[in-house]
Amino acid sequence: MTGPAAGSTTAAGQIRTLTHLVRRAESELRPDVWAYIDTGSGDEVTVADNRQAFGRWQLVPRQLAGVTTADTGTTFLGIGLSAPVLTAPIGCDRFLCDDGLRAVAAAAADSGMAAVVAEASGWPLEDVAAAATGGSMIMQAHASGEIGQFVELADRAVAAGYRAVCVTIDCPVLGWRERLRRLSVSIDPAHYSGNHPDGRFAATLVGETGSSWTWRTLRDAADRLTVPLMVKGVLSASDAVHAVDCGASAVVVSNHGGRQLDSVPATLDQLPEILEAVDGQLAVAVDGGIRSGGDIFKALALGADAVLIGRPVAMGLALEGRTGVKAVLDLFTAELARTMVLAGCARISDINPDLLRRRR
Ligand SMILES: Cc1cc2nc3c(=O)[nH]c(=O)nc-3n(C[C@H](O)[C@H](O)[C@H](O)COP(=O)(O)O)c2cc1C
């Protein structure tokens with residue numbers, strides 16, 4: 001599938017470029033909503049490092065490659081995508097926009113991409129699926145709580161047509177989010193309890209106690225899944241190997257966008273050793289700090305199969321709902337297509353490490 005024309009500069013709604021999106025979000029959103037989206041944890045060292053890691057790589061194009069258009073289409077976990085992009089799970093979605101993940105999943109379907117739908121949504125997963133007819137969705141769940149509840153959630157997701165289950169392993173408790181504490185941001189449980197009206201989230205995730213889950217628990221949980229497992233929050237080669245041992249079909253190299261443990265390494269920096277450790281045994285996606293089509297290109301050139309986009313999607317949602325998310329996703333695709341033509345790549349499979357150089 002070919003992405004939006006590389007020469008196009010018009011996007012739906014008022015979001016004209018991804019840089020403009022961030023400026024608009026900061027100036028137009030309510031301060032507590034902006035803080036919730038933009039915050040990291042601790043001193044936000046990891047948030048900054050995620051971005052800086054992309055600056056450590058330069059592109060070395062191949063000129064006169066005869067490339068007239070770029071085909072950004074690919075597959076991930078057997079799901080056909082118009083570009084190697086999935087929307088990252090975003091909890092407390094109804095704090096950002098009442099339509100929340102229903103709008104995100106619908107926009108992802110409109111753009112031919114897949115949505116990873118957060119367990120901590122204000123909407124039940126069935127309602128999200130109903131809003132995105134024909135779209136591809138992956139259900140995200142946390143590695144915490146009773147295994148029976150996990151299996152129940154996964155079964156509901158499969159019944160509603162979700163294609164895979166993504167287990168987030170870096171969130172046994174919430175990170176220490178300074179900005180939210182400073183502003184006393186308070187989020188109504190209705191904004192994140194759509195899947196657990198019984199208050200399970202209030203008791204576990206929002207509480208002060210960590211998770212008792214181990215890799216053994218995840219393996220037991222995985223044995224009861226009937227769809228592929230994706231493990232999100234892998235930052236080390238050894239944890240990636242644990243994911244392989246659990247029978248996972250994919251990992252997401254992620255530090256939760258620097259919102260969980262601060263001072264962990266940038267995801268892009270960890271990607272190569274994780275790819276080496278898994279040695280093609282599963283698919284590898286990466287997220288954290290991806291803010292342009294060029295960033296996607298760099299992640300793919302280092303060997304990732306796909307990327308997840310968090311804050312830009314959250315900003316598009318908070319500013320303009322479904323239209324805003326679609327504009328953001330289409331901008332990423334258009335920029336990626338433009339980057340591919342300029343670098344001499346007609347297809348995603350043409351993107352390779354020879355097109356990158358470490359900044360000296
Ligand atoms: C507002 C917001 C809410 C998030 N909620 C969740 C969540 O419920 N579950 C989860 O696994 N990750 C969650 N994340 C992390 C994202 O899925 C993703 O890993 C991260 O945002 C990627 O980094 P980026 O924002 O720099 O693109 C959230 C991120 C943001 C910005």
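This is a conversation about the ligand and the largest pocket in a predicted model.

Trainee: What makes the approach of Gly91 to the ligand a polar contact?

Mentor: A backbone N or O atom of Gly91 lies 2.9 Å from a nitrogen atom of the ligand, and because a polar contact is a pair of N or O atoms within 3.5 Å, the pair qualifies.

Trainee: Which side chains make polar contacts with an oxygen atom of the ligand?

Mentor: Among them are Lys232, with a polar side-chain atom 3.0 Å from an oxygen atom of the ligand, and Arg291, where an N or O atom of the side chain is 2.7 Å from a ligand oxygen atom; both values fall within the 3.5 Å cut-off, so each pair is called a polar contact.

Trainee: How much of the ligand's accessible area does the protein cover?

Mentor: On its own the ligand has 600 Å² of accessible area, and the protein covers 97% of that.

Trainee: What surrounds the ligand?

Mentor: The shell holds 21 residues, of which Pro89, Thr168, Asp287, Gly289 and Arg291 are the closest, and by class it divides into 6 nonpolar, 10 polar and 5 charged residues.

Trainee: How do you know that the ligand sits in the largest pocket?

Mentor: The ligand is assigned to the largest pocket, and that assignment requires more than half of its atoms to lie within 2 Å of the grid points, so the ligand meets this condition.

Trainee: What is known about the volume and lining of the largest pocket?

Mentor: Its volume is about 1,000 Å³, and of the 45 lining residues, Tyr36, Leu174, Arg177, His256 and Arg259 are the closest to the centre. The lining comprises 24 nonpolar, 13 polar and 8 charged residues, and helix 14 gives the most to it, with 3 residues.

Key: Residues are numbered from 1 along each chain as its sequence is written. This is a predicted model: local features need pLDDT of at least 70, side-chain atom pairs count only at pLDDT 80 or more; totals for chains, interfaces and linings use all residues. Side-chain values use heavy atoms; hydrogens and water are left out. A residue is near a molecule or strand if one of its heavy atoms lies within 4 Å of it. A polar contact is a pair of N or O atoms within 3.5 Å; within protein, one must be able to donate a hydrogen and the other to accept it, and residues adjacent in sequence count only if both atoms are side-chain atoms. Accessible areas come from the Shrake-Rupley method with a 1.4 Å probe; for residues, only the protein chains shown count as cover. On a 1 Å grid over the protein atoms alone, a cavity is a set of points where a 1.4 Å probe fits but cannot get out, and a pocket is an open set with protein on both sides within 12 Å along at least five of seven lines; lining residues have an atom within 4 Å of a point. Ala, Val, Leu, Ile, Met, Phe, Trp, Tyr, Cys and Pro count as nonpolar, Asp, Glu, Lys and Arg as charged, and the others, Gly among them, as polar. Grid points are joined across faces, edges and corners, and a volume is the space filled by probe spheres set on the points. Helices (H or I, at least four residues) and strands (E, at least two) are DSSP runs, numbered from the N terminus.
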